[in-house]
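Subject: Structure handover

Hello,

Here is the structure for your files. My notes on it follow below.

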Amino acid sequence: MDARQLWLRFEPYHDVTYFTPESRAATDALGCKGGWMGYFGMRAAPLGAASPELVTALFYNFAPRMVRRALPDAWSVASPPEFLRARLAGVDGALRRLLGSVDTPEIVEAASLARTAALAAPLAGRPLAAANRALPWPIEPHLALWHACTILREARGDGHIAALVAHGVGPCQALALYAREHSLDPAYMRTARGWTVEEWEAGDRPGDLPSVERATDAAALAPWEALGAARTSRFIDLMTPLALRIASANEAMRVNPMALDPVRELAVPGWNT
């Protein structure tokens, strides 16, 4: 099983959580001051009213000052449960727009497979995955699929941070290494995560990123091993057209700090015919 190929399928479905007009409208309606307050509020909300120090540690590659501009002020704008309701409303609206129909047998089947995989994701040492796993499962299949993808995504992210720490790669250093490896504009990456030029230059030093990526993939395999090869293959078949449809209509899936471009990486002849 290829953990990265699986990530390419569920990451676009998860990312509608933050980077769509529906998501921004939902957090603007709460009273958030800008998109990043909405992002930090929605992503951190499963943890409760988390401090900026905790969120900086768990999200890892954001500069502390960028987190402090949003937290703890976000919790005076709306409570964590209110942020959770807003993010689910934004997700619902975005998926309905991007997919057209969300009431399909394929989404029902994908939701069932994804839930089985998500429930098998290890939670020890994975705080963001555990916090999302503790939330109630949405009833509607397209939202249950999103919830499962979110657990799987955060479980992979938690494992990635563990790998970075184990290999001695710091937050800003990780971004600099990733930018160089994927030919991303350093100025864009600095701005996207709030680092100064001086901090970037200090963090731009050698590190074994390939070993980190291999460790990340290895730590992300447990849910798919539990699901089994045949059902994992079926999940890939079901999620590929969903990921492509979302990514083709979502600019955030073409320009992002993850260098993620599902339209290019997952292109299947005739997928949109």
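In helix α8, the buried residues are I107, A110, A111, L113, A114, A117 and A118. They pack against α7, α9 (127–133), α10, α15 and α16. Please keep in mind that this is a predicted model. The length of α8 was checked as well: with 15 residues at 1.5 Å a residue, the helix should span 21 Å, and its end C-alpha atoms are 21 Å apart, so the two values agree.

Nonpolar cores

In general, nonpolar side chains tend to be buried together in soluble globular proteins. In this model the largest nonpolar core has 40 residues. Y13, L95, L99, L145, W224, F235 and M239 are the members with the most contacts inside that core. At least two residues of this core come from each of α1 (3–15), α7 (80–99), α8 (105–119), α10 (141–166), α15 (222–227) and α16 (229–249). The biggest contribution is from α10, which gives eight residues. A second core, separate from this one, has 24 residues, among them A45, L71, A74 and L84.

For L95, leaving out residues up to four places away in sequence, the contacts are Y13, V16, G100, V102, H142, W146 and I246.

Aromatic pairs

The structure holds 15 aromatic pairs. One of them joins F40 and F62 in an edge-to-face arrangement, with 5.0 Å centre to centre and 70 degrees between the planes. F40 is in helix α3 (residues 35–44), while F62 is in the loop between α4 (52–59) and α5 (64–68), so this pair ties together parts that are 22 residues apart in sequence. Both rings belong to buried residues: the relative accessibility is 0% for F40 and 2% for F62.

Another pair, W224 with F235, is tilted, at 5.1 Å centre to centre and 35 degrees between the planes. Since W224 lies in helix α15 and F235 in helix α16, the pair ties together parts that are 11 residues apart in sequence. W224 is buried at 2% relative accessibility, and F235 is buried at 0%. W224 and F235 are also among the residues with the most contacts inside the largest core.

Ring pairs also link Y18, F19, W36, Y39, F40, F59 and F62 into a cluster.

Two buried polar residues

H147 lies in helix α10 and is buried, with a relative accessible area of 2%. What does the side chain of H147 have a polar atom 3.4 Å from? The partner is the backbone oxygen of N132. Residues up to four places away in sequence aside, H147 touches N132, L135, P136, W137 and P138.

T216 is located in helix α14 (residues 209–219). The relative accessible area of T216 is 2%, so T216 is buried, the cut-off being under 20%. Outside its neighbours within four places in sequence, T216 is in contact with R156, H160 and A163.

Cysteines

How many disulfides does the model have? The count is zero, where a disulfide would need a pair of cysteine sulfur atoms within 2.5 Å. Buried cysteines include C149, with a relative accessible area of 0%, and C172, at 7% relative accessibility.

Regards

Terms used:
Residues numbered from 1 in each chain as written. Predicted model: local features only at pLDDT ≥ 70, side-chain atom pairs only at ≥ 80, totals over all residues. Heavy atoms only, no water. Buried < 20%, exposed > 50% of the residue type's maximum accessible area, 1.4 Å probe, protein only. Helix = DSSP H or I, 4+ residues; strand = E, 2+ residues; numbered from the N terminus. Contact = heavy atoms within 4.5 Å. Core = buried A, V, L, I, M, F, W, Y, C linked by side-chain atoms within 4.5 Å. Expected span 1.5 Å × (residues − 1). Polar contact = N/O pair within 3.5 Å; in protein donor to acceptor, adjacent residues only side chain to side chain. Phe/Tyr/Trp six-rings, centres within 6.5 Å; stacked < 30°, edge-to-face > 60°.
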